[in-house]
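Let's take a walk through this model together, one piece at a time. Keep the 3D view open as you read, so that you can find each element as it comes up.

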Amino acid sequence: MAWIQITSIVAETEAEPLSDALMELGALSVTFAETGEQEIFEPDIGTTPIWQQTRVLGLFDAQINSAECLLGLTQLMPELSPSQFKVELIEDKDWVREWMDQFQPMLFGENLWIVPSWLPAPNPAATNLLLDPGLAFGTGTHPTTAMCLGWLDNNPPVSKSVIDYGCGSGILAIAAAKLGASSVFATDIDPQAITATLDNAQRNQVNLQAGLVKEIRLPTSELILANILAGPLAELAPILSQHLQIDGQLVLSGLLVSQAETLIACYQDVGIHMQLVNQHEDWALLVGVKTAKNP
Ligand SMILES: C[S@@+](CC[C@H](N)C(=O)[O-])C[C@H]1O[C@@H](n2cnc3c(N)ncnc32)[C@H](O)[C@@H]1O
């Protein structure tokens with residue numbers, strides 16, 4: 001199976017009209033993407049990202065006459081010239097296979113391996129976490145997950161009670177359990193994350209409790225791991241503090257280095273003294289201790 005993809009980079013105001021024109025000419029799907037020239041991180045709280053330029057991609061059946069289609073597009077959008085469109089033949093791939101081939105065993109810290117559940121462990125004597133992320137976030141390839149895993153390997157939570165808040169695939173919760181935690185609770189707002197976490201826990205033969213934020217009753221714990229974006233982390237400060245014991249540790253990632261100061265101030269307000277302890281590709285890892293009761 002193959003497809004024809006017609007792509008154009010247009011001004012933000014032209015993206016919607018071009019999408020309509022592509023659909024009118026029979027596109028099976030239209031996708032908007034950034035152009036790659038402007039980096040878009042998480043927008044500031046309360047703002048919407050604006051792309052000055054948008055890449056619009058229309059996917060057509062391979063049988064269409066692309067020259068006729070381009071003519072139609074320039075009639076519907078006279079402000080665009082034919083040279084502004086790129087036409088490509090896209091071969092269908094086994095996308096699942098492709099993704100699986102790219103996910104290889106990875107070592108974090110000295111001894112913690114994340115091993116795709118369909119591959120053998122490179123070092124059977126190490127701490128091996130067998131993982132199939134399913135539809136949830138968290139394979140260890142993202143810098144934020146990687147920094148949390150490295151921190152856990154260096155600071156194994158032996159005999160500690162742990163909460164993984166925003167568990168995704170369950171990668172941090174299961175790593176904590178494998179590294180000696182006495183109890184682990186994992187929670188998320190996404191049902192796919194809970195399914196993936198429970199599946200991965202079973203695959204690794206570790207005991208943990210997992211449930212949606214709105215359903216689970218979380219205990220007060222000695223360590224909380226939360227790898228979520230800066231906006232939700234700021235909003236969650238009182239809740240995470242409520243579930244953290246005095247002298248308990250909080251590990252936060254998912255925020256950018258440029259957002260660290262704001263987050264540190266939010267957590268100071270709820271009695272947790274956070275510090276920037278690592279950074280990778282603009283992403284930050286904050287670790288702190290709760291020194292005061294919830295105000
Ligand atoms: C970046 S992923 C992290 C997954 C995994 N813990 C890791 O480190 O790779 C963030 C997860 O937080 C969840 N999440 C987002 N907002 C949340 C909130 N307010 N409360 C709980 N979970 C949330 C998302 O559904 C997602 O699974």
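The paragraphs below go from confidence to sheets, then to the cores and two unusual loop residues.

A word on confidence comes first. What you are looking at is a predicted model. Its mean pLDDT is 89, and 90% of the residues reach 70 or more. The model scores ipTM 0.99 and pTM 0.73. As a general caution, where pLDDT is low, the predicted coordinates should not be read in detail.

Let's begin with an open sheet of four strands, whose order is 2-3-1-4 and whose pairing is antiparallel. At its edges you will find strand 2 (29-33) and strand 4 (85-91), each of which pairs on one side only. Neighbouring strands here are turned by 25° against each other on average, direction ignored. To see one pairing up close, look at strand 2 and strand 3 (residues 53-61), which are antiparallel and share five bridges. Within that pair, Ala33 sits opposite Arg55 of strand 3. Two helices pack on this sheet. Helix 1 (residues 12-24) touches strand 1 (2-11), strand 2 and strand 3, and its direction makes about 150° with that of strand 1. Helix 2 (residues 66-76) touches strand 1, strand 3 and strand 4, with about 145° between its direction and that of strand 4.

Further along the chain is another open sheet, made of three strands in the order 5-6-7 with mixed pairing. Which strands stand at its edges? They are strand 5 (106-108) and strand 7 (127-131); each has a single partner strand, so one side of each is left without a neighbour in the sheet. The twist from one strand to the next averages 25°. Strand 6 (residues 112-116) runs parallel to strand 7, and five bridges connect them. Here Trp113 is the residue opposite Asn128 in strand 7. Helix 4 (residues 143-154) packs on the sheet by touching strand 5 and strand 6, and its direction makes about 55° with that of strand 5.

Next, try tracing strand 9 (residues 183-188), which is joined to strand 10 (residues 209-212) by four bridges in a parallel arrangement. Asp188 faces Leu212 of strand 10. Together with helix 6 (residues 191-203), strand 9 and strand 10 make up a right-handed β-α-β unit.

Now for the interior. In soluble globular proteins, nonpolar side chains tend to be buried together. The largest nonpolar core in this model has 59 residues, and Ala175, Ala176 and Leu225 touch the most other members. Helix 5 (residues 171-178) supplies the largest share of this core, seven residues. Ala176 makes a good place to zoom in: leaving aside neighbours within four places in sequence, its contacts are Leu152, Pro157, Val162, Asp164, Ala181, Val184 and Leu225. There is also a second, separate core of eleven residues, among them Ile4, Leu22, Ala27 and Val56.

Finally, two backbone details are worth a look. Ser159 is not a glycine, yet its phi is positive, about 60°. This residue lies in the loop between helix 4 and strand 8 (161-165). Is Ser159 buried or exposed? Ser159 has 10 other C-beta atoms within 10 Å, so it counts as exposed. Asp282 also has a positive phi, near 75°, and is likewise a residue other than glycine. You will find Asp282 in the loop between strand 13 (272-280) and strand 14 (283-290). Asp282 is partly exposed because it has 13 C-beta neighbours inside 10 Å.

Notes
Residues are numbered from 1 along each chain as its sequence is written. This is a predicted model: local features need pLDDT of at least 70, side-chain atom pairs count only at pLDDT 80 or more; totals for chains, interfaces and linings use all residues. Two strands pair if DSSP finds at least two bridges between them. A crossover is right-handed if, with the strands pointing away from the viewer, the path from the first strand over the helix to the second runs clockwise. A nonpolar core is a set of buried Ala, Val, Leu, Ile, Met, Phe, Trp, Tyr and Cys residues joined through C-beta atoms within 7 Å. A residue is buried if 20 or more other C-beta atoms lie within 10 Å of its own, exposed if 12 or fewer, and partly exposed in between; C-beta atoms are placed from the backbone. Two residues are in contact if their C-beta atoms, placed from the backbone, lie within 7 Å. pLDDT is the predictor's confidence in each residue, from 0 to 100. Axes are lines fitted to C-alpha atoms, for helices over the stretch in contact, and angles run from 0 to 180 degrees between N-to-C directions.
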